[in-house]
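Please examine the sequence and the structure shown below. The questions that follow concern burial, contacts and charged pairs.

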Amino acid sequence: MEPVIHKRYADLEPDEVDEINLSDICTVSRVSGLEKFVSLRSLLLNSIGLETLDGFPELPLLEQLELNDNHLSGGLDNLVKLKELTVLRLSGNRIDSVQELRPLRHLKKLQSLDLSRNLISSDYRSFVFDLLPSLKWLDELDRDGHREYEGEEESTDVVEDEDDASDDDDEAVEVVEEEDESDEEDGLGTAFLAKDPREFQEGDEDDQEFEPEPDHPPSDSEGSSDEFHDNNSDEDEDAGKK
């Protein structure tokens, strides 16, 4: 195991590594070479052929440990040093008795445990929940049989529904506003059509202002016409006297 760890995490100091995943990339019968990784919070050792947990290192910050699909039949007392552990996956191993689970009662923060696909023949759910008061999920189900994270998904759906409803309300408000504007325009048009046409004619007449003729001296042609008219008048008067 040490050569694989060194190759994968050679660029980091051991105390800088908070997650190690060696699942399906090596085959070992026991865990070794992890003592220096004191900052680990997640350790995934699925399908690597583990047969024992003897000598499992003390990892004071470890919160998640996955040991799925190995050959473990017991030895869980080697995990009681993991005081911060909240998630433990032991699916697909060879545990055949609920008595092998008793050491887990020392894991006071354990919230999720997976024992599916082991060899325990009896119904162990009630036993395990009573053994581990802090446990919330067993084999991805709570004590009542509800699936893990199901509540969070429902909560997310509710939030999405509320967002959709809010969007629908906004669209409805926009439609109402557009209808109000349309009604106002229709009202103005109706009022315009309802007016007496005589009002517009009177208004047009009132708007017409008298424009005086511009003051300018008579043109030569206008003067000649007046003189011609005066001469004709004199001639008419002389003819009458005669």
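Buried means under 20% relative accessible area, exposed over 50%, and partly exposed in between (1.4 Å probe, protein chains only). This is a predicted model, in which local features need pLDDT of at least 70 and side-chain atom pairs count only at pLDDT 80 or more, while totals for chains, interfaces and linings use all residues. Residues are numbered from 1 along each chain as its sequence is written, and side-chain values use heavy atoms, with hydrogens and water left out.

Q: Is asparagine 118 buried or exposed?
A: The relative accessibility of asparagine 118 is 15%. Buried means under 20%. Asparagine 118 therefore counts as buried.

Q: Which backbone oxygen does the side chain of asparagine 118 reach at 3.0 Å?
A: A polar contact is a pair of N or O atoms within 3.5 Å; within protein, one must be able to donate a hydrogen and the other to accept it, and residues adjacent in sequence count only if both atoms are side-chain atoms. The side chain of asparagine 118 makes such a contact at 3.0 Å, and its partner is the backbone oxygen of leucine 90.

Q: With which residue does aspartate 130 form a salt bridge?
A: A salt bridge is a side-chain nitrogen of Lys or Arg within 4 Å of a carboxyl oxygen of Asp or Glu. Aspartate 130 is exposed, at 55% relative accessible area. Its partner is partly exposed, at 48%. The closest N and O atoms are 3.8 Å apart, and the partner is arginine 143.

Q: How many salt bridges does the structure hold?
A: One of them joins the side chains of arginine 41 and glutamate 63. The total is five.
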